[in-house]
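These are my notebook entries on a single protein model. I set out to look up its helices, its pocket and its aromatic rings.

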Amino acid sequence: MSEIEGARVFREAWIAGVLRHFPGEPKPSYVTPWEDTPQWERDAAGAVCEQVRQLLTVSGGHAARLTREQKGRFVATCWTAQMYKHFEDPKPGYVADWSGLPEWQRETDSDIFEAIEEAAK
């Protein structure tokens with residue numbers, strides 16, 4: 001899987017997770033199709049996907065045994081690092097710790113890890 005393919009897997013899993021878990025009507029930017037996603041966001045998604053893939057590889061596939069929460073926390077932490085990379089002063093919501101994320105976002109992050117895991121098989 002190329003970085004672009006990985007970024008698309010990430011974005012598609014994000015949109016699916018938002019549609020599944022977000023309470024009410026999500027903001028349009030949460031479900032922006034790939035073609036309209038800003039380049040910084042595509043780059044960040046690709047980087048996080050690659051980090052998940054590397055974790056699966058270096059663990060010999062045993063990262064699949066992580067709990068759903070651990071998987072989501074990993075995605076959230078990787079995403080936070082990307083926000084610091086792409087923004088000098090990111091919005092607090094972009095860099096919130098796991099406990100500060102809304103439930104829908106935690107569930108979506110867990111979904112993202114699992115989608116990457118499935119695509120990497």
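The entries below record what I looked up, in the order in which I took the topics.

**Entry 1. Status of the model**

I note at the outset that this is a predicted model.

**Entry 2. Helix H1**

I began with the dimensions of H1. The helix has 19 residues, and I find 26 Å from its first C-alpha to its last, close to the 27 Å expected at 1.5 Å a residue. I then asked which residues of H1 are buried. They are Gly6, Ala7, Val9, Phe10, Arg11, Ala13, Trp14, Ile15, Gly17 and Val18. As to their partners, the buried residues of H1 pack against H2, H3 and H4. I kept in mind that an α-helix has 3.6 residues a turn, so residues three or four places apart point the same way.

**Entry 3. Helix H3**

I repeated the check on H3. Its 19 residues should span 27 Å at 1.5 Å a residue, and the end C-alpha atoms are indeed 27 Å apart, which agrees. The buried positions in H3 are Lys71, Gly72, Val75, Ala76, Cys78, Trp79, Thr80, Gln82 and Met83. I recorded that the buried residues of H3 pack against H1, H2 and H4.

I looked at one of these residues separately. Thr80, in helix H3, has a relative accessible area of 16% and is therefore buried, the cut-off being under 20%. Setting aside neighbours within four places in sequence, I find Thr80 in contact with Tyr94, Val95 and Ala96. I also took the separation of Thr80 from Trp40: the two lie 40 residues apart along the chain, and their C-alpha atoms are separated by 13 Å.

**Entry 4. Aromatic rings**

How many aromatic pairs does a search of the whole structure find? The search returns eleven. I examined two of them.

The first I examined was Phe10 with Trp79. The ring centres are 5.4 Å apart and the planes stand at 15°; planes under 30 degrees apart count as stacked, so I entered this pair as stacked. Phe10 belongs to helix H1 and Trp79 to helix H3, so the pair ties together parts that are 69 residues apart in sequence. Both partners are on the buried side of the cut-off: Phe10 has 5% relative accessibility, and Trp79 has 17%.

I next examined Phe87 with Tyr94. This aromatic pair is tilted, with 5.8 Å centre to centre and 50° between the planes. Here I find Phe87 partly exposed, at a relative accessible area of 26%, and Tyr94 likewise partly exposed, at 31%.

I then followed the ring pairs from residue to residue. They link Phe10, Trp40, Trp79, Phe87 and Tyr94 into a cluster.

**Entry 5. Two residues in H2 and H4**

I turned to Val48, which has its place in helix H2. Is Val48 buried or exposed? Its relative accessible area is 0%, so I recorded Val48 as buried. Beyond its neighbours within four places in sequence, Val48 is in contact with Phe10, Val75, Cys78, Trp79 and Gln82. Phe10 and Trp79, the two rings of the stacked pair, are thus among the contacts of Val48. I also looked up Asp89, 41 residues from Val48 along the chain; the C-alpha atoms of the two are separated by 20 Å.

In helix H4 I chose Asp111. With a relative accessible area of 12%, Asp111 is buried. Again leaving aside neighbours within four places in sequence, I find Asp111 in contact with Ala13, Gly17, Arg20, His21 and Arg68. Of these, Ala13 and Gly17 are listed with the buried residues of H1.

**Entry 6. The largest pocket**

I finished with the pockets. The largest pocket has a volume of about 600 Å³. Of the 29 residues that line the largest pocket, Trp14, Tyr30, Trp79, Tyr94 and Gln105 are the closest to its centre. The elements giving two or more residues to this lining are helix H1 (3-21), helix H2 (39-58), helix H3 (68-86) and helix H4 (103-119). Which element gives the most? H3 does, with five residues. By residue class, I entered the lining as 17 nonpolar, six polar and six charged.

Trp79 and Tyr94, noted here by the pocket centre, also belong to the ring cluster of Entry 4.

Key:
Residues numbered from 1 in each chain as written. Predicted model: local features only at pLDDT ≥ 70, side-chain atom pairs only at ≥ 80, totals over all residues. Heavy atoms only, no water. 1 Å grid on protein atoms, 1.4 Å probe; cavity = no way out; pocket = protein on both sides within 12 Å on 5 of 7 lines; lining within 4 Å. Points joined across faces, edges and corners; volume = space filled by probe spheres on them. Helix = DSSP H or I, 4+ residues; strand = E, 2+ residues; numbered from the N terminus. Nonpolar A, V, L, I, M, F, W, Y, C, P; charged D, E, K, R; others polar. Expected span 1.5 Å × (residues − 1). Buried < 20%, exposed > 50% of the residue type's maximum accessible area, 1.4 Å probe, protein only. Contact = heavy atoms within 4.5 Å. Phe/Tyr/Trp six-rings, centres within 6.5 Å; stacked < 30°, edge-to-face > 60°.
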